[in-house]
Amino acid sequence: MDFLIPVSAYLHIPFCRRRCYYCDFPISVLGDKTNTNTSGSISEYVQFLCEEIKITPTYNRPLKTVFFGGGTPSLLPPRYLDKILATLDQQFGICADAEISMEIDPGTFSLEQLSDYKTLGVNRFSLGIQSFDDKLLEKSGRFHRYKDIEQSIDFIYKTNITNFSLDLISGLPYQTLEDWKSSLEKAIKIKPSHISCYDLVLETVTAFGKQYKPGKFPLPDDDNTMLMYKMGQRILTEAGYEHYEISNYAQQGYQCLHNLVYWENKPYYGLGMGAASYSNNQRFTRPRTRKDYYQWIEKLKQSDYSLDCDYLDTIDIILETFMLGLRLKKGVDWSKIYTSFGENIIKLIYKILLPYYQQKLVYFQDINDKFITEIKDNNLHDINRVMLSDPDGFLLSNTILADLFAQLESTI
């Protein structure tokens, strides 16, 4: 069916100057300066990436969104971006009005380079600032500094780019509430169309994960990270940004269409080293190193295209739908869950969510987008959507989802 056919593609560009201390993404470190060897590495990677694109099955539906993530895609010379986009267009087709997004980092691109990206068709940029404080940037292992941010914003203004996002991180080591407030206020003054605010996640394999423990100094404690989240929600919504997703804020008309594909649990192509794809209730993740990725491509070229995918069963689909959908302000389409999985499943989910509904952490809406004040087992079909409250429900989303997952898995 049409809704199972991907019309979005994520392309992983793995190259970085250095690995940030919180990063566990599949990347290849180039060092702080480009040279002939690094240029060769990028050229080789693009060649293999284009080979993967060419052998990926298509469904005669052009792409509506394309997202270049990483890594640091702004280390990609424009001629290679041109080659990738041309290969995508030849294999899948790209809609004339497609959203084409690219992650860029301060200090990794020139004015001419940014202008070339725009000319080639990139119409949405995500600038990875993380913080405006040089000390916090240094302690996080970031390559850039505040002067690089200023230069990058100047380049964005000079190229008349209006659809751009700023990425910020809260909960960094030694970060105070005053630091976080300052970053938010500086971001608003820049007037981006979109702002992402991510709370630091400690992954065990990262430098931060090995060095720090959650909630322990020099990391902010749990109370302060909650205050940072609420501060972000208050300051950004008062500035006119819609809190449309748990970590994302947008001016009207500037939600990230590509990321909505993930949160609405729709299918997408994943292409490149470490990239994950999702189609026909199957997920597949590519090898996480360049060597293994190249070898995988060579094997794929020598045989019929087939992937060893993870198949999602009924409970997986339900859980992923709620895990992703409840990140959105608009929540999950309850009526679709009802239609797809039946009344018994709906009754069970309602029973699990009822205590959180009573605490005003979960809301239900009817088909007219009005909040339902009283629900009974015999009128669950009147519910159209279920969502978390903002900010308290979002703050406790992990607790709510963990409870939902545990009870569903033990019952179904």
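1. Phe 125 stands opposite Phe 164 in β7. The two strands concerned, β6 (residues 124-130) and β7 (residues 164-170), run parallel and are joined by five bridges. Strands count as paired if DSSP finds at least two bridges between them; the elements themselves are DSSP runs numbered from the N terminus, with helices being H or I of at least four residues and strands E of at least two.

2. On provenance: this is a predicted model, in which local features need pLDDT of at least 70 and side-chain atom pairs count only at pLDDT 80 or more, whereas totals for chains, interfaces and linings use all residues. Residues are numbered from 1 along each chain as its sequence is written, and side-chain values use heavy atoms, with hydrogens and water left out.

3. Strands β6 and β7 belong to an open sheet of nine strands with mixed pairing, in the order β9-β10-β8-β7-β6-β5-β4-β1-β11. Its edge strands are β9 (242-245) and β11 (269-271), each of which pairs on one side only. With direction ignored, neighbouring strands of this sheet are turned by 20 degrees against each other on average.

4. At one edge of that sheet, β9 pairs with β10 (residues 248-250) in the antiparallel sense over two bridges. A hairpin through two residues joins β9 to β10, and Glu 245 stands opposite Asn 248 in β10.

5. Helix α6 (residues 177-190) lies across β7 and β8 (194-199), running at about 175 degrees to β7. Axes here are lines fitted to C-alpha atoms, for helices over the stretch in contact, and angles run from 0 to 180 degrees between N-to-C directions.

6. Helix α6 also packs with helix α8 (residues 222-238) at an angle of about 20 degrees, the axes being 10 Å apart. The two helices are therefore roughly parallel to each other; the classes are roughly parallel for angles under 35 degrees, roughly antiparallel for those over 145, roughly perpendicular for 65 to 115 and oblique for the rest. The crossing of α6 and α8 is right-handed, where right-handed denotes a near helix turned clockwise from the far one by less than a right angle, and left-handed an anticlockwise turn.

7. Which residues make the contact of α6 and α8? Helix α6 contributes Leu 177, Trp 180, Lys 181, Leu 184 and Ile 188, and α8 contributes Asn 224, Leu 227, Met 228, Met 231, Gly 232, Ile 235 and Leu 236; contact means heavy atoms within 4.5 Å. By class, the residues of this contact divide into nine nonpolar, two polar and one charged. In this scheme Ala, Val, Leu, Ile, Met, Phe, Trp, Tyr, Cys and Pro count as nonpolar, Asp, Glu, Lys and Arg as charged, and the others, Gly among them, as polar.

8. A second helix pair is formed by α12 (residues 334-341) and α13 (residues 343-358), which pack at an angle of about 135 degrees with their axes 7 Å apart. That angle makes α12 oblique to α13. Trp 334, Ile 337, Tyr 338 and Phe 341 in α12 meet Glu 343, Ile 345, Ile 346, Ile 349, Tyr 350 and Leu 353 in α13. The contact of α12 with α13 has nine nonpolar, no polar and one charged residues.

9. An open sheet of three strands, with antiparallel pairing, has the order β12-β13-β14. Strands β12 (276-279) and β14 (310-311) stand at the edges with a single partner strand each, so one side of each is left without a neighbour in the sheet. Strand β12 pairs with β13 (residues 282-285) over four bridges in the antiparallel sense, and Phe 284 in β13 is the bridge partner of Ser 277.

10. Several backbone values merit inspection. Most residues other than glycine have a negative phi, and most peptide bonds are trans. Asn 280, in the loop between β12 and β13, has a positive phi near 55 degrees. A cis peptide bond joins Gly 70 and Gly 71, with omega about 20 degrees; Gly 71 lies in the loop between β4 (63-70) and α2 (78-91). The peptide bond from Phe 217 to Pro 218 is also cis, with omega near 15 degrees, and Pro 218 is found in the loop between α7 (207-211) and α8.

11. The protein is divided into domain 1 (8-264) and domain 2 (314-410), with bounds that come from an automatic or database domain assignment. Taken over C-alpha atoms, the centres of domain 1 and domain 2 are separated by 31 Å. Their contact takes 14 residues from domain 1 and twelve residues from domain 2.
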